[in-house]
Structures are given as structure tokens and as C-alpha cells.
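User: I'd like to learn how to read a sheet, a residue's surroundings and a chain contact. Can you walk me through them?

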Amino acid sequence: MMARVRVQTEDFDIGRELDALTRGRKDVGGLASFVGLVRDANDGHAIGGMTLEHYPGMTEKALEDICAQAHARWDLIDTLVIHRVGTLVPGDRIVLVGVASAHRGEAFEACEFIMDYLKTRAPFWKKEDTASGPRWVEARASDDTAAERWKG
Amino acid sequence: MVTLLYFASLRENLGCSREQLALPSGNATVSSLIDVLRNREGPWTQAFAPGKTWRVAVNQNMADLATPVKAGDEVAFFPPVTGG
């Protein structure tokens, strides 16, 4: 199984990262990707920026475990997760997930699975800057529901 | 001794990110650690009051109240995650 996991403060180059997943290979028929970005509004509040905190050590373990589960479930060639931490502003990239497979169906599904599990199982926390001061983002029930559908 | 870690809003509310704690006697679990923390004053009682939502990891694996804790373990408490 291949999986590449990185937690970093600096931005990433989407093209370069996705190219690296397929470079030199002739067995990849589909490469699915997801990019998460910082929005300028959340729950009706204007967002000036945010700070992402994480649990060093456990974060990487959790992401590797999620990728391993995806590899066990689908026939994948390679997976990639890059997640940023620290201070970000609207428009900044937060997360990149890339999944290479022989066929598109598996790549699409595994990409969504990895994001759904990341949102509910990887130890990251967002603190938003709003006009009335900073506030911690509350976990959403809809994220739990999205992750639940992969069970059974 | 065990190492306790606190993250995000829990860390801020408690004013503590890391501490060493003597293991409660007997077969210690996450639950017995919670009993110790809840008996502290102010924000500690509040943060770990029954019905409060928090998550726990023992040695960087998700755990629950019944998870055993032994000397040298790393136990982390934090709110539900919000990454991605």
C-alpha cells in the first residue's frame, strides 16, 4: 500500500502534488482529487481568517490510518493527504486529497471517504476570526452523518 | 505518572496544555482520571461535568471512559474535531 501524508504550515502546489502521484506509472486510469479552501463566511458570520490547531503525532497517525482503510476497501494505487495548520485567510487552501486508481469509480469513492473520515477522526481544530472576536468552530452533525454512510 | 494533554477550546478553558499526573490507585482507566480532574476547582469541574462533550485519546489512539491507563501513557482530551 502507498500513502503519502503531510501536515504543514506552508501552501502546496496542486499540480505538482497530483503529478507526483502518477509520475512514471502506466497503470493509473483515474486520479480523483479534493481541495478544501477557507471561506470568507460561516454560519452567517464574516470570517477574516482562521487558525488551525492539531495534535502533532496523532494527526499523522490518524491520516495514515484513514488512507490504510481506503486502501483496504478499494483497489487503489496511491493516496495523498496534505493538511495545513497555523494561520490561514479566506481563499487559502487548507487540504488536498488525491487518489490514484485504475478506474475512476474507485478513485472518486475513496476520495470522498478519506475526506469524510478526516473531518470526523483527524485531530484538527479550527478557530475563526469574526467581527465579534475569535471563536472555535463547532463540530457539525452533518459531518458525522456523512462519515456514517461508509459503515456496513 | 501519566502525561495529560489538552487541545483547542478545552486547553483555553483550562489554561493548561500539558501536565503530569500521578496515576490513581487500582486499575486506572480514563474514567478514574476524569474523576480526579472533575474534583479540581473552577473550570475543571465545568469542563468535565457529566453531559459535557469531549473526546479522549490514549497513546494517540481514540479511546473511551473504559480504556485502561498505565504509567507512562499519554492521555489527550479535546473537543470534537473540525478539520478539513
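Analyst: Sure, and keep in mind that this is a predicted model. Let's start with the sheet in chain B: it is open, has 5 strands in the order β2-β1-β5-β3-β4, and its pairing is mixed.

User: Which strands of chain B stand at the edges?

Analyst: β2 (18-21) and β4 (61-63) of chain B do; each has a single partner strand, so one side of each lacks a neighbour in the sheet. On average, neighbouring strands here are turned by 30° against each other, direction ignored.

User: How do β1(B) and β5(B) run, parallel or antiparallel?

Analyst: The general idea: strands of a sheet pair through backbone hydrogen bonds, either parallel or antiparallel. In this case, β1(B) and β5 (residues 74-78) of chain B run parallel and are joined by 4 bridges. For instance, L5(B) has A76(B) in β5(B) as its bridge partner.

User: What about V2(B), is it buried or partly exposed?

Analyst: V2(B) belongs to strand β1 (residues 2-6) of chain B. A residue needs 20 or more C-beta neighbours within 10 Å to be buried; V2(B) has 19 inside 10 Å, so it counts as partly exposed. Beyond four places in sequence, its contacts include L21(B), L23(B), V69(B) and V75(B). V75(B) is 73 residues away along the chain, yet the two C-alpha atoms are separated by 7.3 Å.

User: And how many residues does each chain give to the contact?

Analyst: Chain A gives 22 residues and chain B gives 13. On the chain A side, α3(A) gives the most, with 5 residues. By class, that side has 13 nonpolar, 4 polar and 5 charged residues.

Conventions. Residues numbered from 1 in each chain as written. Chains lettered and ligands numbered in written order. Predicted model: local features only at pLDDT ≥ 70, side-chain atom pairs only at ≥ 80, totals over all residues. Contact = placed C-beta atoms within 7 Å. Helix = DSSP H or I, 4+ residues; strand = E, 2+ residues; numbered from the N terminus. Nonpolar A, V, L, I, M, F, W, Y, C, P; charged D, E, K, R; others polar. Buried ≥ 20, exposed ≤ 12 C-beta atoms within 10 Å, placed from the backbone. Pairing = 2+ DSSP bridges. Axes fitted to C-alpha atoms, helices over the stretch in contact; angles between N-to-C directions.
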